[in-house]
Each structure stands twice: as structure tokens, then as C-alpha cells.
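Visitor: Could you walk me through this structure and explain the terms as we go?
Guide: Gladly; let us look together.

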Amino acid sequence: QVQLVESGGGLVQPGGSLRLSCVVSGRFNSIDVMGWYRQAPGKERELVATIAPIGRTKYADFVKGRFTISRDDAKDTSDLQMSSLNPEDTAVYYCNANVLGDFEYQEVWGRGTLVTVSS
């Protein structure tokens, strides 16, 4: 069974930075697109950023150059470096990956890590 585990969330002051990490574990052949999503209280889950195996990235408009997504295929990890955080960035951040099993791709989600931006 494939699992994703996020880490790095916490409390940060406005204008601060935080780095989230996601580790993929279990039995699989390869990882296709990886991504980070977030869900703020009372809102729907939304895309933050994705990264393809070749490194092509996609960001939500609200990121505005503040966040950087990366991946290390040797370690099966993805990081989300966040800077210039503001209270509107407060949310549970989820890691997502499309993982190739024996015959098909499976979309897998982590349980999330809470990011709170507050003074």
C-alpha cells in the first residue's frame, strides 16, 4: 500500500517562511505528477502547485512567486518552500501523487499538515 506523509507544518508569523515535505512510501514502480493542495476552514480544497517528473511546474495564481515546489525522485519526496506567508495561507496542506503500481496509476493523498499564519 502506498502512503504519503507530510511534515513541516506549524505556526509562523506573517511574512515568514515554512518548508513542507512529503515522503512517498510503499510498493510502486514510479511516481508521475506530484502536487500540493490546501484546504482552509470552510473552503474547498484547492491546488497550490504541481510538478511533473521532468520538472515542469504549475502554480496557482495566489502563489505569485512566493512558493516553490520541488521533487527528489531518488528519495521519492516533494517539498514546498513557502515564503512571504500571510494569514490567508492558513490551511491544511495536502500532498498528492499519481503513483504507478503493477498495471495502473493510483492517486494517493497524504493526511495533511496544518499551516497557521498568525501573529
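**Pocket, salt bridges and loops**

Visitor: Which strands each supply at least two residues of the lining of the largest pocket?
Guide: They are strand 1 (3-7) and strand 10 (105-109). Strands here are DSSP runs (E, at least two residues), as helices are (H or I, at least four), and both are numbered from the N terminus. This is a predicted model: local features need pLDDT of at least 70 and side-chain atom pairs count only at pLDDT 80 or more, while totals for chains, interfaces and linings use all residues. Residues are numbered from 1 along each chain as its sequence is written, and side-chain values use heavy atoms, with hydrogens and water left out.

Visitor: What makes a residue part of the lining of the largest pocket?
Guide: A lining residue has an atom within 4 Å of a point of the pocket, which is an open set of points on a 1 Å grid over the protein atoms alone, with protein on both sides within 12 Å along at least five of seven lines; a set where a 1.4 Å probe fits but cannot get out is a cavity instead. Gln1, Val2, Gln3, Leu4, Val5, Gln106, Val108, Trp109, Gly110 and Arg111 line the largest pocket. Its volume is about 150 Å³, that is, the space filled by probe spheres set on the points, which are joined across faces, edges and corners.

Visitor: How do the residues of that lining divide?
Guide: Five are nonpolar, four polar and one charged. Ala, Val, Leu, Ile, Met, Phe, Trp, Tyr, Cys and Pro count as nonpolar, Asp, Glu, Lys and Arg as charged, and the others, Gly among them, as polar.

Visitor: Why is the contact between aspartate 79 and arginine 19 called a salt bridge?
Guide: The term asks for a side-chain nitrogen of Lys or Arg within 4 Å of a carboxyl oxygen of Asp or Glu. For aspartate 79 and arginine 19 the N to O distance is 3.1 Å, so the pair qualifies. This pair links distant parts of the chain, 60 residues apart: aspartate 79 is in strand 8 (residues 77-82) and arginine 19 in strand 3 (residues 18-25).

Visitor: Why is aspartate 79 called buried?
Guide: Buried means under 20% relative accessible area, exposed over 50%, and partly exposed in between (1.4 Å probe, protein chains only). Aspartate 79 has 17%, so it is buried, whereas arginine 19, at 43%, counts as partly exposed.

Visitor: How do you know that aspartate 89 forms a salt bridge with arginine 66?
Guide: Their closest N and O atoms are 2.7 Å apart, and the limit is 4 Å, so the pair counts. Aspartate 89 lies in the loop between strand 8 and strand 9, and arginine 66 in the loop between strand 6 (57-59) and strand 7 (67-72), 23 residues apart. Both values fall under the limit for buried: 1% for aspartate 89 and 14% for arginine 66.

Visitor: Which residues are linked in a network of salt bridges?
Guide: Arg38, Glu46, Arg66 and Asp89 are. Within that network, aspartate 89 also pairs with arginine 38 at 2.9 Å. A search of the whole structure finds six salt bridges.

Visitor: What makes alanine 74 exposed?
Guide: Its relative accessible area is 74%, so alanine 74 is exposed. Alanine 74 sits in the loop between strand 7 and strand 8.

Visitor: What is notable about phi of aspartate 76?
Guide: Phi is near 60 degrees, a positive value in a residue other than glycine. Most residues other than glycine have a negative phi. Aspartate 76 counts as partly exposed because its relative accessibility is 23%.
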